[in-house]
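Subject: Structure handover

Hi,

Here is the structure I promised to pass on. Have a look first, and then read my notes underneath.

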4 protein chains.
Amino acid sequence: MVEEMTNQKITVALIGAGFIGELHAKNLARHADVALKYVVEPSEALGRKVADATGARWLSDAAEAYEDSSVEAVWIASPANTHTDFIRRAAKAGKAIFCEKPVGMNMEDVDVLVSELREYKQPILIGFNRRFDASHARLKEIVESGAIGEVEMVSITSRDPNPPPPAYMKATPGGIFYDTMIHDFDIARWVLGVEATEVYATASSHINGELNPDREYDAATATLKTTSGAVCQVSASRRAVYGYDQRIEVFGSKGMVQSQNHGKTNVKVYGADAIRTDPLKNFFIDRYADAYVREIDQFVGAVRGETTNFPNVWDGRQALHISMEALKSARSGSPVSLK
Amino acid sequence: MVEEMTNQKITVALIGAGFIGELHAKNLARHADVALKYVVEPSEALGRKVADATGARWLSDAAEAYEDSSVEAVWIASPANTHTDFIRRAAKAGKAIFCEKPVGMNMEDVDVLVSELREYKQPILIGFNRRFDASHARLKEIVESGAIGEVEMVSITSRDPNPPPPAYMKATPGGIFYDTMIHDFDIARWVLGVEATEVYATASSHINGELNPDREYDAATATLKTTSGAVCQVSASRRAVYGYDQRIEVFGSKGMVQSQNHGKTNVKVYGADAIRTDPLKNFFIDRYADAYVREIDQFVGAVRGETTNFPNVWDGRQALHISMEALKSARSGSPVSLK
Amino acid sequence: MVEEMTNQKITVALIGAGFIGELHAKNLARHADVALKYVVEPSEALGRKVADATGARWLSDAAEAYEDSSVEAVWIASPANTHTDFIRRAAKAGKAIFCEKPVGMNMEDVDVLVSELREYKQPILIGFNRRFDASHARLKEIVESGAIGEVEMVSITSRDPNPPPPAYMKATPGGIFYDTMIHDFDIARWVLGVEATEVYATASSHINGELNPDREYDAATATLKTTSGAVCQVSASRRAVYGYDQRIEVFGSKGMVQSQNHGKTNVKVYGADAIRTDPLKNFFIDRYADAYVREIDQFVGAVRGETTNFPNVWDGRQALHISMEALKSARSGSPVSLK
Amino acid sequence: MVEEMTNQKITVALIGAGFIGELHAKNLARHADVALKYVVEPSEALGRKVADATGARWLSDAAEAYEDSSVEAVWIASPANTHTDFIRRAAKAGKAIFCEKPVGMNMEDVDVLVSELREYKQPILIGFNRRFDASHARLKEIVESGAIGEVEMVSITSRDPNPPPPAYMKATPGGIFYDTMIHDFDIARWVLGVEATEVYATASSHINGELNPDREYDAATATLKTTSGAVCQVSASRRAVYGYDQRIEVFGSKGMVQSQNHGKTNVKVYGADAIRTDPLKNFFIDRYADAYVREIDQFVGAVRGETTNFPNVWDGRQALHISMEALKSARSGSPVSLK
């Protein structure tokens, strides 16, 4: 009987059919434990395309999905500034919730949300995709096993192959912090298992011309102090010609563990001038392809009440908070206390 | 119009719902360009299980599928000794054909098949899965580009993590040659683009006790001479405790290219006594997971008349032939000419 | 004629026969272009031991060596607090000078020395050993070639296997900055070819008990801003159980270059649980063994008037200055301007 | 007393001042436990040059050195066809002997020598330099520790960067076997600790034009069967554009161990098209520089009566024997029994 129940599919409504929404839609539709019922998307073109490809029904508005009692879970992949509200409504509707990072774009509103959500018992989870990467998860497991002793230093390198479009960068000044490094701050908290107490950051603009006409920040570093005494250094850039550079290194009293980069292939070519391998996987779609699938696995586990390590709204709030304060530090040139 | 046509799904009947058949069934069902209509399998339990999981219809016999004119392609994943006959019947029925290696188990019958098939124009392709691995395919591309000059030597290492069950080994004496090394011989022909003229092989039994009570061959080497003068060395074993060891190395007048092993993760742990990484991916299911999907992509391309490098029945015949002669060489201790 | 002159050996007096002095003595004695005439060392036991082993004459005091006109060069490897004075006297005596880092321990005195030395023309060089490492030098060459474009970020990791004796640590509070990270600051300036404008540092004490009873700083990080806009992050520790961790990474607009760690051997062991390699070379004696020999090569070149990239007294002063200010930053918690 | 004696230097006469003789001369002269007294060399120019550079005395003939009772050891680095005779005379003179491989060029004469030498007790050692490489020695240690279980397969790759001069190649037909692969056969015996029973070899000529006008063999493979049942594959070439390719791989019932290649530097460059490292060390002078020093260390140990694993005349005889029979196999196309 129990077995039968766990085999029952979870009915899901997806909100958002943009680039990342489409990616989730395909993975959800393919997942053995998920029935994707609705694709909610204001743009009919986008919405119908994704709904048709996945056998779901397109809705222009979330209301019908939220009211449909057969919908157990809502999967939010809409624009960042709509997250807080969609979470709030889905929580009230009693749905289990997955929401892409960030949990919101307005710190005060996010804090209100966090306190409102205290009364809800269903899983309300934030999609920090990197936590679901097999190599990063193995690193975390090794740190927790004690194999490297007490953690003393963490180094995170995080470089995108190309900057987002200039219009997007202009619309989100300092976005490198709350768009990109927010992942790194989440990884730091996740790996260390403690809170950051202070952040010092630098930000630079190296890219010229068409790719960054407004000279927005395109590179940044951050140094986090934490409650355990461990220090974390982050290095981020919006442009790395050799591919998507994603590394975590944790140094402890008994050793070190690294989650290293992933090449496009495992081929090595030996020539007279050099030994060559292919560059890194190009971007998160390739690098974290498996992570997006594991994310659904873990979400299903959470909905079914099995133990899970899924990041929750508090994790989303903390990573956003550090990002915002890091941006302030970069602008002022001084470290900022995180209380 | 053309675009619309290429987007039409290809209707497929799968033959065989054992371990490898089930793997193909899932990939076929998921593939955007394939409609899996039938699962043909004598065992009702196996057949229904796979058919239900993929939305296909179970048939106990292939006849109905072969007669159904909506079925464009047959995907053969049944036991090795049924391959020749299923190919023959599917060819007569005008179906495009994918067949798992080997093309058969009886050399004479395979030769008859090869000559019979000369009159058919549809794609009749053999599933040497390794050719579809992204790293191996990249190695082939590099060799063809001339980057390493004229090929002089090829080294192939091919070690399974564990031997098959003793009953299976006993039923297929010398199976390490036509079961396992057949892949290596295919790779050698594929990479070199020439035929082998002579094979010298050794075979050993190293595994004792329950795993190999009949002392069947569990390790073997082969040396191939070829029409181009290049020499190929193969090293194979049915047991490698560190995982599935799959390497190709091609040495030429201007350099060398290697397709290297794939670890389970990209994590590296630095301790006082050693620096550790995780062992290799365990077996072909993990190592060649993507290759099985690419195999379908390429098959779809072949059915649609696009250029393809898919191995054909002649390739299947040649790899089988070398395997059989290698076994003779190992037994006699002398090199065997391949005519 | 010229050729003959360049083949003439350079007569050298070594000052200091402690651990590092003995190392230099052996390398000097072995060098084809050097005649080691004197070993100056107050301790008769140490001095005689090193002099005997190298065929040199022991002197308890430098005066005789400084007055001997056949001595062309002085090689200073005495305790750090004696460096400034030995350099001053050797410069007055007209000798070419090699001096181990740091150039001194007192910032004001070092600044006086720097201005005094302006009138001397002979080579007065500081032994930042890492600049002579073949891999680090190759990294520098690649950066200068423009292969990675404009430098945007530098990451330096620098971890010793074990802390120095507690007595030494107690006598040099904050020594991790001017003892160890001074090398990293020199590397940053050398690789970037620009000056640092600001430093932000953190310092921690992680080691307990007998190894660090006084809880001196044993781990530190630093972030340097520079005149070019490039930012440099340094991560240093006095204890790494897996060996001497020495890495430089330079990230630019067109790529990245890394000088990676050196293992004890190139052996790889594949087991059922892990793939293992040997830990890193244990310490600077092993890791920089070749660098110490190249240091002499380059010094000989400098004495002979050939072009050289040898660090000079100004380099020594700048690295010391950044170290001292980094220590202040770590203590105050705020970034410090480097003027 | 004992300590004093072990600290006494061993007086050595070097025979041969060609390329490899000069290399040994410098290492011997530098070695703390060796006094190089004579350099024996028929060519006055070569002999004086090496003698002068090392503080030794030049002799045109070995007789004086053999008669000088202060000479404890003879270090033979003369042309290969003089080895057997120099060993014979030195043995009679009671000297400890180091002789470069091969032990001779005439199999019958070598066999006579082997039986003559049975009555001598002093160390008579053959210089297979690879045994003294730290990585290869570590591999051997790991195999002996049982960490990889029973050895089942050995793979040795051995490729020189460039062929020797055409005149040399013409004068030594089949030289790739007794010149180059002789090292690999020695390594196989050393690692396995058993004798080879049969050899099958192939040989090819790939290099054209000026580098190999006589189309001598420039590439070869060999397969050795052994008394333990382990099989060894060797792949050798006289031309590898990417440097000196030197690898050993040992596969056993409990794992695998590899001694991998050595790059020129540890630098890695990440570009848009590829990730590059420097090619391999160019040749034996670089790759085995440390091995040549360790060779002297071990020889000194042998002369002092300490336990040693130095290859002896029997090892030299066996490696030569396999080489000669491998050449016969390559010529005939059939495996050859090694009795």
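Let me start where chain B meets chain A: two salt bridges cross that interface. One of them joins Arg138(A) to Asp278(B), with the closest N and O atoms 3.0 Å apart. Bear in mind throughout that this is a predicted model.

Staying with this pair of chains, there are also 14 residue pairs in polar contact between chain B and chain A, both partners being at pLDDT 80 or more. On the chain B side, helix 7 (134-145), strand 12 (255-259) and strand 13 (267-270) each give two or more residues to the surface that touches chain A. That side is made up of nine nonpolar, ten polar and five charged residues.

In terms of extent, 24 residues from chain B and 24 residues from chain A take part in the contact. Together the two chains bury about 1,900 Å², and carbon and sulfur atoms account for 50% of that. If you want three residues to look at, pick Asn266(B), Val267(B) and Tyr270(B): they supply 29% of the area that chain B buries against chain A, more than any other three residues.

How are the two copies related? Chain B lands on chain A after a rotation of 180° with 0.1 Å of shift along the axis, at an RMSD of 0.1 Å. Arg30(B) is the residue of chain B that comes closest to that axis, its C-alpha being 3.5 Å away. The copies meet through the same surface, because 100% of the interface residues of chain B are also interface residues in chain A.

Now for chain C against chain A. Here, too, a rotation of 180° does the job, with 0.0 Å of shift along its axis and an RMSD of 0.0 Å. The two copies are therefore related as by a two-fold rotation axis. The same surface serves both, since 100% of the contact residues of chain C recur in chain A. Ser334(C) is the chain C residue closest to this axis, at 3.3 Å for its C-alpha.

This contact takes 37 residues from chain C and 37 residues from chain A. The buried area is about 2,900 Å², with 56% of it from carbon and sulfur atoms. Met153(C), Tyr200(C) and Gln233(C) lead here, supplying 20% of what chain C buries against chain A, more than any other three residues.

Six salt bridges are counted between chain C and chain A. In one of them, the side chain of Arg159(A) meets that of Glu249(C) at 3.1 Å, N to O. Arg159(A) also has a salt bridge inside its own chain, to Asp245(A), at 3.2 Å. That second pair links distant parts of the chain: Asp245(A) sits in strand 11 (residues 245-252) and Arg159(A) in strand 7 (residues 151-159), 86 residues apart. Over all chains the count comes to 112 salt bridges.

Finally, the record. The unreviewed UniProt entry annotates residues 10-127 of chain A as "Gfo/Idh/MocA-like oxidoreductase N-terminal"; this span is 41% helix and 25% strand, with its end C-alpha atoms 18 Å apart. The entry also places a "GFO/IDH/MocA-like oxidoreductase" domain at residues 137-257 of chain A. That span is 27% helix and 36% strand, and its end C-alpha atoms lie 12 Å apart.

Cheers

Key:
Residues are numbered from 1 along each chain as its sequence is written. Chains are lettered from A and ligands numbered from 1 in the order in which they are written. This is a predicted model: local features need pLDDT of at least 70, side-chain atom pairs count only at pLDDT 80 or more; totals for chains, interfaces and linings use all residues. Side-chain values use heavy atoms; hydrogens and water are left out. UniProt positions are given in the numbering used here, feature names are shortened, and annotations may be inferred rather than shown by experiment. Helices (H or I, at least four residues) and strands (E, at least two) are DSSP runs, numbered from the N terminus. Copies are superposed by least squares on the C-alpha atoms of residues with pLDDT of at least 70 in both. Contact means heavy atoms within 4.5 Å. Buried area is the accessible area (1.4 Å probe) that two parts lose on being put together, summed over both. A salt bridge is a side-chain nitrogen of Lys or Arg within 4 Å of a carboxyl oxygen of Asp or Glu. A polar contact is a pair of N or O atoms within 3.5 Å; within protein, one must be able to donate a hydrogen and the other to accept it, and residues adjacent in sequence count only if both atoms are side-chain atoms. Ala, Val, Leu, Ile, Met, Phe, Trp, Tyr, Cys and Pro count as nonpolar, Asp, Glu, Lys and Arg as charged, and the others, Gly among them, as polar.
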